[in-house]
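I opened this model to look up a few things and wrote down what I found. The entries follow the order in which I looked.

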Amino acid sequence: MTDQARLLKTAVPGPRSVALHEARAQQVARGFGVTLPVFVDHADGALLVDVDGNQLIDMGSGIAVTSVGAAAPAVVERIAEQATKFTHTCFMVTEYEGFTEVAAALNRLTPGDHEKRTALFSTGAEAVENAVKIARAATGRPAIVVLDHAYHGRTLMTMTMTAKNVPYKEGFGPYAPEVYRAPMAYPFRYDGDEKACAADALARLKDIVLTQIGAHNVAAIVAEPIQGEGGFIVPAEGFLPGVVEFAREHDILFVADEIQTGFARTGAMFACEHEGIVPDLITTAKALAGGMPLSAVTGRAEIMDAVAPGGLGGTYAGNPVACAAALGAIETIESEGLVARAAQIEQRVMPRLEEMRAASGGRIGDVRGRGAMLAIELVEPGTKDPAPRFAQALAAHCHAEGVVVLVCGTYGNVIRLLPPLVIGDALLDDALDVLATGVRGLA
Ligand SMILES: *Cc1c(COP(=O)(O)O)cnc(C)c1O
């Protein structure tokens with residue numbers, strides 16, 4: 001086990017990482033960006049150990065994936081055991097129990113006590129694609145409604161559903177038809193109180209559905225209960241319940257994309273629970289399998305079963321090694337009390353972020369999030385104008401000091417914190433100290 005402390009032996013990135021990055025550029029397509037060009041040798045809990053021997057604090061979890069840590073014992077053991085038995089059969093050719101067990105776990109854990117069914121896939125985008133297919137098959141309607149600032153993936157349909165052009169869509173059109181966009185209730189960027197923000201966005205969404213699309217043409221409204229890539233935007237209270245109520249009135253399905261928010265991340269097993277929302281379909285991936293590629297659509301049995309046998313699947317869908325990893329990850333989340341831990345992380349981090357805001361000379365415009373999904377939005381002092389240059393400078397400072405943070409947001413001006421939920425307080429405090437020093441340095 002690696003000593004759980006930040007340790008810098010060289011500059012970050014160090015000489016070996018620099019050399020490996022140069023070699024990479026000769027082999028790997030340029031389209032893959034990188035947050036921090038450091039090559040990882042091994043990882044443990046919330047520490048990444050690079051090829052130069054630096055120990056970096058992971059405040060990104062590989063984008064909300066390694067919530068149980070980078071090599072959680074229950075995940076590693078189950079992967080090893082399954083891999084020695086068999087690595088693949090294709091569930092559509094011959095079956096294995098792990099698939100059913102993961103489906104049962106998802107049916108049990110996701111919001112609502114109605115009868116459910118689950119379909120497993122490999123990536124988050126694939127889960128969203130399939131939620132759309134299922135919603136269309138179940139309703140016989142074509143249209144899909146998504147929100148401003150949404151992120152749903154990089155495949156043709158999900159890139160269309162994603163809001164932000166650069167880098168996700170630029171040059172990749174034409175996009176898929178029958179995708180419509182409605183406003184998001186984004187409290188910080190709304191001129192008025194939170195209640196008005198929710199009411200206003202809801203009224204505009206209804207207007208778009210009723211007058212521009214026709215409610216009877218809409219299969220589903222797809223939304224992230226807290227937006228991830230779009231900037232960790234917590235919708236104004238009441239907005240999502242209003243959307244769900246409106247959807248029900250018109251037999252439109254409500255699909256919660258919990259790919260980033262799911263599995264304890266926000267201090268609830270699923271973020272929908274914070275507002276008592278029960279989605280018709282829910283998409284999950286990221287933290288589901290402790291780092292192995294696995295995703296799912298879970299939903300009402302009658303909706304899920306609207307697709308005839310053969311209509312869903314994929315060669316690798318619900319791979320047995322990934323299913324074994326998921327069972328280990330879910331076991332860890334439950335046995336280690338990681339839902340409660342995420343809530344504790346919020347209690348510990350939020351006051352620190354508020355202190356940083358107070359000391360930022362107006363550069364931190366907003367502090368927000370839930371559980372261990374927290375962010376600061378950077379602005380030009382005295383305004384709400386996005387300041388991506390501050391976010392970049394702050395991220396660069398953290399990286400140089402050995403703290404891996406990620407930038408997000410439609411305007412590229414949000415620093416997000418997504419630590420593994422197993423992170424210890426000492427490591428968390430150290431990472432926050434580094435961030436706080438960076439904030440003071442911006443002034
Ligand atoms: C990451 C993400 C996706 C896409 O998942 P991939 O596994 O990258 O395809 C979809 N929706 C949300 C909310 C995400 O955060």
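**Ligand.** I started with the polar contacts of the ligand, keeping in mind that the model is predicted. A polar backbone atom of G124 is 2.8 Å from an oxygen atom of the ligand. I then looked at D257, where an N or O atom of the side chain is 2.7 Å from a nitrogen atom of the ligand. For Q260, I noted a polar side-chain atom 2.9 Å from an oxygen atom of the ligand. On its own the ligand has 380 Å² of accessible area, and the protein covers 82% of it.

Next I listed what surrounds the ligand. I found T123, G124 and A125, then Y151, H152 and G153, and further along the chain E224, D257, I259, Q260 and K286. Sorted by class, this shell holds five polar, three charged and three nonpolar residues.

**R416.** I followed Q260 away from the ligand and came to R416, as the two side chains share a polar contact of 3.1 Å. R416 sits in strand β15, residues 414-417. Is R416 buried or exposed? I read a relative accessible area of 3%, so R416 counts as buried, the limit being under 20%. Leaving out residues up to four places away in sequence, I recorded its contacts: M59, I63, E229, F232, Q260, L374, A375, V405, L406, V407 and C408.

**I63.** One of the residues touched by R416 is I63, so I checked its backbone. I63 is not a glycine, yet its phi is positive, about 65°. I placed I63 in helix α2, residues 61-64. Its relative accessible area is 33%, and I put it down as partly exposed.

**A264.** I noted another positive phi, about 80°, at A264, which is not a glycine either. A264 belongs to the loop between β8 (253-257) and β9 (281-284). With a relative accessible area of 0%, A264 is buried.

**A372.** I looked up A372 in the loop that runs between β11 (364-370) and β12 (373-378). Its relative accessible area is 1%, so I entered it as buried, well within the cut-off of under 20%. Which residues does A372 touch, not counting residues up to four places away in sequence? I found R265, T266, A342, I345, L417, L418, P419 and L421. I also took the C-alpha separation between A372 and S67, which is 9.5 Å, with their positions 305 residues apart along the chain.

**Core.** I then turned to the largest nonpolar core, which has 66 residues. M59, L294, L353, I415 and L417 have the most contacts inside it. I listed the elements that give two or more residues to this core: the helices α4 (97-109), α10 (320-335), α11 (338-358), α12 (388-400) and α13 (425-442), and the strands β11, β12 and β15. The largest share is that of α13, with nine residues. Two of the core residues named above also turned up in my contact lists: M59 touches R416, and L417 touches A372.

**Cis peptides.** Last, I noted the cis peptide bonds. One joins V12 and P13, with omega about 0°; P13 lies in the segment before α1 (15-25). Another joins V166 and P167, with omega about 5°. I located P167 in the loop between α6 (156-161) and β6 (179-182).

How values were computed
Residues are numbered from 1 along each chain as its sequence is written. This is a predicted model: local features need pLDDT of at least 70, side-chain atom pairs count only at pLDDT 80 or more; totals for chains, interfaces and linings use all residues. Side-chain values use heavy atoms; hydrogens and water are left out. Helices (H or I, at least four residues) and strands (E, at least two) are DSSP runs, numbered from the N terminus. Buried means under 20% relative accessible area, exposed over 50%, partly exposed in between (1.4 Å probe, protein chains only). Contact means heavy atoms within 4.5 Å. A residue is near a molecule or strand if one of its heavy atoms lies within 4 Å of it. A polar contact is a pair of N or O atoms within 3.5 Å; within protein, one must be able to donate a hydrogen and the other to accept it, and residues adjacent in sequence count only if both atoms are side-chain atoms. Accessible areas come from the Shrake-Rupley method with a 1.4 Å probe; for residues, only the protein chains shown count as cover. Ala, Val, Leu, Ile, Met, Phe, Trp, Tyr, Cys and Pro count as nonpolar, Asp, Glu, Lys and Arg as charged, and the others, Gly among them, as polar. A nonpolar core is a set of buried Ala, Val, Leu, Ile, Met, Phe, Trp, Tyr and Cys residues joined through side-chain atoms within 4.5 Å.
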